Amino acid sequence: MCGIVGCIGKKEAQPYLISGLHRLEYRGYDSAGIVTISNDNKATLLRAKGKVSSLESLIGKNTSKDTIGIGHTRWATHGEPSETNAHPHQSGNVYLVHNGIIENYKELKTSLKDHVFKSQTDTEVLAALVNSFYNNDTELVDAVTQALQLVVGTYGIAVVSARNPDEIIVARSGSPLIIGIGDDETYIASDASALIGYTTQAIYLNDGEIAVCRRDGVKLRDLAAQPISAQVETIEIDMQAIQKQGYDHFLLKEICEQPVTLRSTLSGRVNVEDELVKLGGLNLTVEEIRDIEHVTIIGCGTAYYAGLLGSYYLEQLVDGLTVDVAMASELRYRSFHLPKKTVALVISQSGETADTLACLRELKRRGVKTLGIIIAVGSTIAREVDGGVYVHAGPEISVASTKAFTSQAVTITMFGVQIAQAKGSGAKDVAKFIKELDQLPNEIEAVINNYKDRIADLAKRYAHYEHAIFFGRDTLYPVALEGALKLKEISYIQAEGFAAGELKHGPIALVDDTFFEVALILDNWLFDKSLSGLAEVNARGGHIIAITNSKKQIDAEEVLVIDTKLDLLAPLVLNVAQQLFAYYVTVAKGFDVDQPRNLAKSVTVE
Ligand code: F6R
C-alpha cells in the first residue's frame with residue numbers, strides 16, 4: 001500500500017523516480033509526488049492528485065538535473081486524496097515520504113508548535129518531528145533517529161534534506177523497504193519491481209533498521225544508532241514479468257498466463273510416475289509431517305478464499321486431519337486456541353499484508369510452526385515464517401488477484417498430498433489428486449483458448465445488472481466467494497457469494513430483476529442437490545448463468561458447460577471462467593481493470 005522510490009547517483013533522478021512510481025502505482029493511485037535536491041541546495045517539489053501520469057505532466061515545465069530524489073504514490077489513509085495531502089511532505093529543509101500509519105500523530109502534533117500544518121496527514125507530523133530535531137549541528141540521520149524513537153505505529157520512510165544533497169535516509173518498521181545497489185548509484189523502493197532493470201543487488205531492510213544511502217554505498221544502523229551489517233541479496237524478477245506483453249491489461253495477462261505459472265508451481269514437486277509430491281523448504285522432517293494433527297490456514301481476501309478451498313482438499317486427502325481457516329484480520333484479535341501438533345499455513349501473494357503478518361507473529365509467539373505459501377520472494381512474511389513454499393507464480397501487477405489464487409490452492413493441495421503420503425492414508429484419492437494436479441495447467445489452458453470469446457459475449461450481456469449472487473456447494477463455495485469478490489472489486493457490481501445450501505436461509509429474498517446469479521455446479525454426488533438450489537432461484541424469477549462441467553440438462557438462462565476431464569480440481573477450472581467473466585464485464589463497463597477505485601495492492605496497513 002503506497003509506493004516509495006528514491007535514488008542518489010550521478011544520473012538525473014527524475015526519470016528513475018517516475019519510472020519507479022509507474023511500476024509501484026498498483027500500490028496506490030490517489031496522488032503522487034517527487035522531490036529532488038540540487039547541488040546548490042534547491043528543492044524541486046512536484047505533487048499531483050490522481051495517477052502518476054498527472055504528476056508526469058508537471059515534469060515538462062519543471063525538469064531538473066538533480067541527481068538525488070525521493071517519490072511516493074499514495075493510497076489515502078489520513079486525509080482525502082488531494083495535492084495538499086500528497087507526499088513528499090515538507091517541514092523546513094526536510095522532505096519525507098511515508099508508508100504506514102503513525103498512530104500517535106495527534107499527540108505528537110500538539111508538541112510541534114513551530115510548524116504550520118497544511119495537510120491532514122500523519123506523515124506531515126513525522127516530517128515536522130524530524131525537522132524539530134534537525135538543527136545546524138545535527139546530521140539528518142540523527143534527527144530521523146530521534147524522531148522515530150517517539151513514534152508509535154508502522155512506517156517505511158525516505159527522507160531528504162535540501163541542506164544535504166548527498167544522502168537519503170530510509171527507515172523501516174512494519175512497511176517494506178528495499179535498497180538497490182548500483183554502480184555509483186543507490187536506489188530505494190518499497191517493492192522490488194521498481195528496481196528491475198536498474199540493479200539486481202539489494203538490501204532488504206528489517207524492522208528497526210535505518211540506512212544512510214549515499215552515491216557510493218549504504219550504512220545501516222539501529223534505532224539506538226548502533227551499526228548493523230548489511231546483507232546484499234539478488235533480486236530474481238525478470239523484466240518480462242512486470243510488462244503487459246501485448247495484452248490490453250495486466251489482469252488479462254495474469255489470467256491467461258496461469259497455465260505457465262501453474263506449471264512453475266508444480267515443477268519439480270509433483271512426480272506423476274512415482275505418484276509422489278515433495279515440497280522443498282518446509283523445514284519439516286517426514287516424522288514431523290506425519291505427526292501433524294491440525295492445520296490452521298490464515299490469509300485475507302483472495303488468499304483466504306484460496307485457503308478455504310485448500311481446506312476442503314486437505315480434509316479429503318488426509319483422514320483424521322482437522323483443518324480450520326481464518327481471516328487474518330479477524331484471527332489476530334480473537335482469543336483463539338490451537339491444539340498441539342498444529343501447523344499454520346500463512347497464505348499471501350505479496351507477503352506483506354499487515355493483518356496476515358500480525359497473525360504470523362502471534363502464532364510464532366505461541367510456538368506454532370508456521371509455513372508460508374507466498375508469491376513475493378524476499379517479502380516480510382516469507383522471511384519470518386519457519387518454512388514454506390514459494391509458489392513461483394511471478395508478480396501480480398493487476399490489483400485484483402487471479403493467478404495467485406490458483407497457485408495457492410494448488411500448493412495447499414500438494415501439501416495435503418505430502419501429509420497423506422507421510423501418514424500413509426487416503427491412497428486412492430492421493431493418486432487421483434496427483435494425476436489431476438498434473439493435468440490442471442492444460443485444462444486451464446483449454447478454458448482460456450476455447451471459452452474466452454463465449455465468456456466475453458456473456459459478460460457484455462450481463463454487464464448492465466446492478467447486483468449479482470454467486471453460489472456453489474462444497475469446494476465450489478470458496479469459488480463462489482472468490483467469483484463474487486473478483487466481480488465486485490473490478491466492475492463495482494455489488495456481488496456476494498453464498499454456500500448454495502444457505503440461499504434459502506435468507507439471501508434468496510434478494511432475488512429480483514436487478515440481480516443475476518452465477519450458479520456453480522459440478523457433475524458429482526451433489527449434482528441433484530445443486531439443481532434444487534437452482535430451481536428455487538428460478539422459481540423466483542432469477543437470471544441464472546450456470547457454470548458447470550456437466551453435460552446434463554440444467555435449467556438456467558445461460559449454461560456455460562466447461563469441457564474438462566478433471567473432477568476434484570474442476571473448481572479451479574470453473575474459477576478461471578469466472579475470472580474471465582469479471583474481466584470482460586469490467587471492460588464492457590469501461591472501468592479501470594488494473595487499478596480499481598479505492599483499492600491498492602499489498603495491504604500493509606490495518
Ligand atoms: C483480491 C485481492 C485481495 C488480496 C488480499 C490479500 O483480488 O487481491 O483480496 O487477496 O489483500 O493479499 P495478499 O495475498 O498479498 O496477502
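**Two domains and a few local details**

Colleague: How many residue pairs are in polar contact between domain 1 and domain 2?
Modeller: Keep in mind that this is a predicted model. The protein splits into domain 1, residues 3–242, and domain 2, residues 250–589. Counting pairs with both residues at pLDDT 80 or more, the number in polar contact between domain 1 and domain 2 is 4.

Colleague: On the side of domain 1 that touches domain 2, how many residues are nonpolar?
Modeller: The contact takes 12 residues from domain 1 and 12 from domain 2. Sorting the domain 1 side by class gives 3 charged residues and 2 polar ones, and the nonpolar count is 7.

Colleague: Which three residues of domain 1 supply 41% of the area it buries against domain 2?
Modeller: Let's start with the whole interface: about 1000 Å² is buried between domain 1 and domain 2, with 50% of it on carbon and sulfur atoms. On the domain 1 side, no other three residues supply more than this trio, which is Tyr-26, Tyr-204 and Ile-242.

Colleague: And what is the N to O distance in the salt bridge of Glu-233 and Arg-383?
Modeller: Between domain 1 and domain 2 there are 2 salt bridges. Glu-233 falls within the 3–242 range of domain 1 and Arg-383 within the 250–589 range of domain 2. Their side chains meet with an N to O distance of 3.2 Å.

Colleague: How far apart in sequence are the parts tied together by Asp-142 and Arg-221?
Modeller: The side chains of Asp-142 and Arg-221 form a salt bridge, 2.9 Å from N to O. Asp-142 sits in helix H5 (residues 140–148) and Arg-221 in strand S13 (residues 217–222), so the parts they tie together are apart in sequence by 79 residues.

Colleague: Are the rings of Tyr-187 and Tyr-198 stacked, edge-to-face or tilted?
Modeller: The whole structure has 11 aromatic pairs. For Tyr-187 and Tyr-198, the ring centres are 5.4 Å apart and the planes stand at 50°. Planes under 30 degrees apart would count as stacked and over 60 as edge-to-face. The angle here is neither, so the pair is tilted.

Colleague: Which residue's side chain is joined to His-467 by a polar contact of 2.7 Å?
Modeller: His-467 is in strand S23, residues 467–472. Beyond its neighbours within four places in sequence, His-467 is in contact with Ile-493, Gln-494, Thr-514, Phe-515 and Phe-516. From that list, the side chain in the 2.7 Å polar contact belongs to Gln-494.

Colleague: Is the peptide bond from His-87 to Pro-88 cis or trans?
Modeller: Pro-88 lies in the loop between strand S4 (68–74) and strand S5 (89–91). Omega for the bond from His-87 to Pro-88 is near 0°, and the bond is cis.

Colleague: What is the phi of Gln-245?
Modeller: Gln-245 is in the loop between strand S15 (232–234) and helix H6 (250–256). Although Gln-245 is not a glycine, its phi is positive, at about 50°.

Note on methods:
Residues numbered from 1 in each chain as written. Predicted model: local features only at pLDDT ≥ 70, side-chain atom pairs only at ≥ 80, totals over all residues. Heavy atoms only, no water. Domains from an automatic or database assignment. Contact = heavy atoms within 4.5 Å. Buried area = accessible area lost by both parts, 1.4 Å probe. Salt bridge = Lys/Arg side-chain N within 4 Å of Asp/Glu carboxyl O. Polar contact = N/O pair within 3.5 Å; in protein donor to acceptor, adjacent residues only side chain to side chain. Nonpolar A, V, L, I, M, F, W, Y, C, P; charged D, E, K, R; others polar. Phe/Tyr/Trp six-rings, centres within 6.5 Å; stacked < 30°, edge-to-face > 60°. Helix = DSSP H or I, 4+ residues; strand = E, 2+ residues; numbered from the N terminus.
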